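Trainee: Could we take a close look at one single part of this model? I should like to see how that part is placed among its neighbours.

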Amino acid sequence: MSDSPEVVVHRDTEVMAHATAARLLTALADAQAARGTASVVLTGGRNGNALLAALAASPARDAVDWSALDLWWGDERYLPDGDPDRNATQAQEALLGKVGTDPARVHPMPCSDGAFGADVAAAAAWYARELAAAAGPGAPHGTPVFDVLLLGVGPDTHVASLFPGHAGFAARDTSTVAVTSAPKPPPTRVSLTVPAIRSARQVWLLAAGEDKADAVARALAAQADGDVPAAAARGRERTLWLLDRSAAGTA
Ligand SMILES: O=C1O[C@H](COP(=O)(O)O)[C@@H](O)[C@H](O)[C@H]1O
């Protein structure tokens, strides 16, 4: 696990989205050059969606071979297929419908009108099996080594759907959890756990706007093993905070 997070502060939200898009395209193209394939874990939320829009708009977007990219999600709102509040629906509209991904390599979390119905625990367990199948035998926590895992940071320091003080954040023996009482709507969600997040080579945390400044300051001051989800999110090789000036408290 990387020791000290690195912090990059951008002038404003728009510059942050475009600079992060350029950074991500380069990281994924580098991974494909080295290994022939790459993987990324997407996040929902305002900053995650701004990044996806910036990727779609980038003149360099085809530096990545989208058909040789595995796409996963860090969390999902457990809602019907196509619901506009699902992170996967938003990603499809912002980016995935515009680039040539391989459907077999796009791994959305289940929806509430799918095979598991209202049984969100079964949905989370299914996603853990998908991860384990992709990771292969012997992978720690049954999770692939993702190249880049993206996380938005909530004003309460939540990342993915891991909320401070909630059981899902404490889970250490599984790669996914079902969340049934999220303090942010909708209450029912599926999330990767802390060990699954920590299996990524690089973890990038995105935060923009004044309402995130307190969460950013608290997370950067906290220990990785405390009750601050954003502080617990660390990559194996690199943990990178990507901020705008407002979230950094330097506006
Ligand atoms: O509900 C969620 O919130 C977080 C943060 O979202 P933001 O809009 O405050 O940036 C997001 O990262 C997560 O994926 C999403 O499900």
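**A strand and its neighbours**

Mentor: Strand β9, residues 238-244, runs parallel to β1 and is joined to it by five bridges. Strands here are DSSP runs of E of at least two residues, and helices are runs of H or I of at least four, numbered from the N terminus; two strands pair if DSSP finds at least two bridges between them. This is a predicted model, in which local features need pLDDT of at least 70 and side-chain atom pairs count only at pLDDT 80 or more, while totals for chains, interfaces and linings use all residues. Residues are numbered from 1 along each chain as its sequence is written, and side-chain values use heavy atoms, without hydrogens and water.

Along the border with β1, Glu6 lies opposite Leu240 of β9, and Val9 has Leu243 as its bridge partner in β9. Towards β8, six bridges link that strand to β9, again in parallel; here Leu205 faces Trp241 of β9.

Both borders belong to an open, parallel sheet of six strands in the order β1-β9-β8-β5-β2-β3. Its edge strands, β1 and β3 (69-73), each pair on one side only. From one strand to the next the twist averages 20°. Helix α2 (residues 45-57) packs on this sheet and touches β2 (38-42), β5 (148-152) and β8 (202-207), with a direction at about 105° to that of β8. Contact means heavy atoms within 4.5 Å; axes are lines fitted to C-alpha atoms, for helices over the stretch in contact, with angles from 0 to 180 degrees between N-to-C directions.

Because six of its seven residues are buried, β9 is largely enclosed by the rest of the structure. Val7, found in β1 (residues 6-10), counts as partly exposed because its relative accessibility is 41%. Buried means under 20% relative accessible area, exposed over 50%, and partly exposed in between (1.4 Å probe, protein chains only).
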